[in-house]
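Biologist: Could you take me through one part of this model closely, namely how the aromatic rings are arranged, and then set that part in the context of the rest of the chain? I would like a connected account rather than a list.

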Amino acid sequence: MRTSIATVSLSGSLTEKLTAASRAGFDGVEIFENDLLASPLTPEEIRARCADLGLTIDLYQPMRDIEAVPEDEFARNLRRARHKFELMGRLGTDTVLVCSSVSPLALDDDTLAAAQLSRLADLAQDFGVRVAYEALAWGRHVNTYDHAWSIVEAADHPALGTCLDSFHILSRGSEPKDLEGIADIPGEKIFFLQLADAPLLAMDVLQWSRHYRCFPGQGGFDIAGLLQHVVRAGYDGPLSLEVFNDVFRQAEAGPTAVDARRSLLVLQESVGLARLPEPVVPTGIAFAELVTPDAEPVAAVLGALGLSRTARHRSKPVDLWECGEARILVNTGPAARRDGAGLAAVGLESPDPTGAARRAEALLAPVLPRRRAPEDAPLDAVAAPDGTELFFCATHRPELPNWRTDFEAIGTVGDVGGGVDRIDHLALTQPWHHFDEAALFHRSVLGLHGQESVDVADPYGLFRSRAVTNSVGSVRIALAVGPAPTEDETRAQHIALATDDVVTAARRFRAAGGRLLPMPANYYDDLAARYEFTEGELATYRELGILYDRDAQGEFRHCYTQTVGRVFFELVQRDGDYQGYGAQNAPVRLAAQHAQRPLR
């Protein structure tokens, strides 16, 4: 189906919004009235600009407080409408959105509302315009889609139809059975469909609508279920996004538009309206790559953690560090930032690297160009929303290219009992305006499962996190965003290394000169009140800065290194079937990191 986006969903000038929508691949736009009023372009110039960009103008909106009002007020409304219809002719669009009235003058009189909307449609028809009547969730008298449709049906005018808006329908707590009536609306009378998701919040619906909408798949609404009913009714117009969001209004328009269109592609796939390459779910983490201007501080930490420098890339300044199945690449290339080590790339074990790349490209994550020597293994990589490069790998699989063949051995993997044996998870701090996009990207492009968002109290604000995993937990990525749009080294990305004995691993790290992050004594006093430990166990945790958590499935012990540049490491021990990340310990860890100065 055709796709469209309301200009209110993007930031910038109208010209910037139109350009971003076109480059993202949208077919059309809704022109929001405020964007037109603020534009220096004439309606004719906007029309020409859209045509040059290959965009249709699918809707002009909104017209407010039109119906069920006293006659003198309605006469003024018709005068206003005449001007808008003339304007629409200049714009080259033929559908206008009319919201159900919130005016204190509006009367609770469906017969009057139908009669006045019919008269409005008479005038619209003279200008070749169609009127799409929408129920606002906070409408004074009309606030449900079926009520709006009953008024349209009673008016019985060819130029009058309804607009269905997923937010206004689903924000009222509609049950699945409440949506069944959509399929009874004749498809030709559904003039327009607007889509928006939202997190499930308990707040005033108007404020919820104006500040917290998001793109389909980024919130808690069943947008796919609603769309199935609309398609079943016979609707064949555009799928259009109308998203009011404070973050999107401040973020760069281009990436937001790409995120928006990706959400529609995934939505269409979910209801059978589009066919995309199948998701190829990664089966493990092949490596994590750090980029640093000075490898010495990172090498010291890795060595203390028990990893050995085993190989060096034949043509690039990249070293491979290993212990068990844990592999860290350290890149000292010239493009590194000057503020210390940072996590730049992740290698994902893939059953089908080529298929994974096809899926990524279909979802607007183009494969990144990669400089490589003729003898280097051909690896496909895509960029995650935060800029992290994701490589699709096949390690030790002779039928597929192996990235390990690019490295020449310079050492052996040490056999350290009780040491680290694999990467347990990666924690990637997202730019403040990419959090929802990142969650959708990792679920849709990589086929990972998203867990519920968790809010953590940081000493300087609220820290939000959401994990994505494969079904067996061999790939775990925790996405996080800080409380403010600033880069903060204490909220750096980190690599969690799994061990079967965190106490032994922590002692060895410290004995090798590593610096563990100390935790406050009050934390351990609270642990003693909440749990029973064996003799000396809690004293050991206190000594080493080990944090503890448990649930019905198992136990979790973990500790942290001090930050090196913009990255730190975590040692984790999972016992039983514990699947979490010690979220309740995060406030203590964050406070401890704020109190420490990162290593350079």
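Modeller: The protein has 18 helices and 25 strands, and because this is a predicted model, what follows describes a prediction throughout. Taken along the principal axes, the C-alpha atoms fill a box of roughly 85 × 60 × 40 Å, and of the 600 residues in the protein, 57% are buried.

I turn now to the rings. A pair of aromatic rings is described by the distance of the centres and the angle of the planes. Searching the whole structure gives 17 aromatic pairs, and one of them, W208 with F221, deserves a careful reading. The ring centres of W208 and F221 are 5.7 Å apart and the planes stand at 65°, and since an angle over 60 degrees counts as edge-to-face, the pair falls in that class. W208 belongs to helix 8, which covers residues 205-212, whereas F221 sits in the loop between helix 8 and helix 9 (223-233), so that the pair links parts of the chain that are 13 residues apart. Both partners, W208 and F221, are buried.

Elsewhere, aromatic residues gather in a group: F287, F391, W403 and F407 form one aromatic cluster. Rings also receive charged partners in this model. The charged end of R130 sits over the ring of F191, at 4.1 Å from the ring centre, and R210 is placed over the face of F244, 4.6 Å from the centre of that ring. R210 carries a number that falls within the 205-212 range of helix 8, the helix that also holds W208.

The surroundings can be followed next through the packing of helices. Two packed helices are described by the angle between their axes and the distance between the axes. Helix 11 (residues 253-270) takes part in two such arrangements, one with helix 14 and one with helix 1. With helix 14 (residues 435-444), the axes come within 11 Å and cross at roughly 40°, which makes helix 11 oblique to helix 14; the crossing in which helix 11 passes helix 14 is left-handed. With helix 1 (residues 14-24), the axes of the two helices come within 8 Å and cross at roughly 45°, and helix 1 and helix 11 are therefore oblique to each other as well, although here helix 1 passes helix 11 in a right-handed crossing.

A contact between strands of the chain deserves mention too. H313 lies in strand 10, which covers residues 308-313, and H313 is buried, its relative accessible area being 8%. In sequence H313 and E408 are 95 residues apart, yet their C-alpha atoms are 6.2 Å apart in space.

Several features of the backbone are also worth a look. A cis peptide bond joins Q61 and P62, with omega at about -5°, and P62 is found in strand 3, which runs over residues 56-63. Two residues other than glycine have a positive phi, and I take them in turn. For D156 the value is about 50°, and D156 is located in the loop between helix 6 (145-155) and strand 6 (160-165). D156 is exposed, because its relative accessible area of 64% lies above the 50% cut-off. For H396 phi is near 60°, and H396 lies in the loop between strand 15 (389-393) and strand 16 (407-409). H396 is likewise exposed, with a relative accessible area of 54%.

The cysteines complete the account. A disulfide is a covalent bond between the sulfur atoms of two cysteines. The search of the whole structure finds zero disulfides, and C50 illustrates this, as the nearest cysteine sulfur, that of C163, is 19 Å away. C50 counts as buried, at 1% relative accessibility. C323 gives a second example: the closest cysteine sulfur, in C559, is 15 Å from the sulfur of C323, and that is too far for a bond because the sulfur atoms of a disulfide must lie within 2.5 Å. C323 is also buried, with a relative accessible area of 3%.

Notes
Residues numbered from 1 in each chain as written. Predicted model: local features only at pLDDT ≥ 70, side-chain atom pairs only at ≥ 80, totals over all residues. Heavy atoms only, no water. Phe/Tyr/Trp six-rings, centres within 6.5 Å; stacked < 30°, edge-to-face > 60°. Helix = DSSP H or I, 4+ residues; strand = E, 2+ residues; numbered from the N terminus. Buried < 20%, exposed > 50% of the residue type's maximum accessible area, 1.4 Å probe, protein only. Lys NZ or Arg CZ within 6 Å of the ring centre and 35° of its normal. Axes fitted to C-alpha atoms, helices over the stretch in contact; angles between N-to-C directions. Parallel < 35°, antiparallel > 145°, perpendicular 65-115°, else oblique. Left-handed = near helix turned anticlockwise from the far one by under 90°.
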